[in-house]
Amino acid sequence: MKCYACGSEKIESSMSQCPECAFPVMTVAGDTAQFETMMKQMAEEYRGKKIGGSALGLLTYQYAMKNDHLVLDKESETALSVDVTKMTPGQIWWDKTDFARVDAGEPLSLTLSVKKDGKVRNVTASVKAPAGEGFWHVGIRMQTGFCFSVLVGNEKNFAESGRISLVG
Ligand SMILES: [Zn+2]
């Protein structure tokens, strides 16, 4: 069974709610078509309450040479123009900003902001720097359980972070 709200496939018929997002699991005898319509409506409302209006941003850092040392010069935030609320699990979105590469295999830590209902939460995505040529892009892959993961690299070759919750 698949969760109507978050797309999780970890639901078993013995469960009373989705193990990933807690949306109720109900079984019915009788008119299943009507029941399904009702469940889908409920799931849509639940989804809206949990992640509706969520927006993601990426914190970027600019380094500059000062007195022969590379120092942090500017910290800024770029809004990611992805609408995670419209994405389905597995779906990938790529940002178009070019980022400089670091050596393959190096641990990378990206800070993202998750905004919802006027609140901002910073989350960290850890990846190992991917190999490959050219600039890096940052991508978002939607996951079940109202989670996402962060991709670094390009469409063909990328590293992926662990799951990060949109709900907090
Ligand atoms: Zn769910």
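This report walks through the fold of a predicted model, from its overall outline to two residues with an unusual backbone angle.

**Overall outline**

The protein contains 1 helix and 9 strands. Reading from the N terminus, the order of elements is α-β-β-β-β-β-β-β-β-β, and the helix, helix 1, covers residues 32-51.

How does the radius of gyration compare with that of a compact globule of 168 residues? Such a globule would come out near 15 Å, but the protein has 19 Å. Along the principal axes, the C-alpha atoms take up a box of roughly 75 × 35 × 25 Å. Buried residues make up 23% of the 168 in the protein. If you look at contacts with a separation of 6 or more, 47% of them join residues 24 or more positions apart.

**An open sheet of four strands**

Now for the strands. Four of them, in the order 2-1-4-5, form an open sheet with antiparallel pairing. Strand 2 (69-80) and strand 5 (119-128) are the edge strands, each pairing on one side only. On average, neighbouring strands of this sheet are turned by 30° against each other, direction ignored.

Let us follow the sheet to the edge formed by strand 5. Strand 4, which spans residues 107-116, pairs with strand 5 in the antiparallel sense over 10 bridges. One place to look is Lys116, whose bridge partner in strand 5 is Lys119. The loop between strand 4 and strand 5 holds Asp117, a residue we return to below.

**Two positive phi values**

Most residues other than glycine have a negative phi. Against that background, two residues are worth finding in your viewer. Here they are side by side:

| Residue | Phi | Place | C-beta atoms of other residues within 10 Å |
|---|---|---|---|
| Ala22 | near 70° | segment before helix 1 | 17 |
| Asp117 | near 50° | loop between strand 4 and strand 5 | 7 |

Is Ala22 buried or exposed? Ala22 is partly exposed, because its 17 C-beta neighbours within 10 Å fall between the cut-offs of 12 or fewer for exposed and 20 or more for buried. Asp117 has 7 such neighbours inside 10 Å, so Asp117 counts as exposed.

To find these two residues, start with Ala22 in the segment before helix 1. Then move along the chain to the loop between strand 4 and strand 5, where Asp117 is found.

Definitions and conventions: Residues are numbered from 1 along each chain as its sequence is written. This is a predicted model: local features need pLDDT of at least 70, side-chain atom pairs count only at pLDDT 80 or more; totals for chains, interfaces and linings use all residues. Two strands pair if DSSP finds at least two bridges between them. Axes are lines fitted to C-alpha atoms, for helices over the stretch in contact, and angles run from 0 to 180 degrees between N-to-C directions. The radius of gyration is taken over C-alpha atoms; the globule rule is 2.2 Å times the number of residues to the power 0.38. Two residues are in contact if their C-beta atoms, placed from the backbone, lie within 7 Å.
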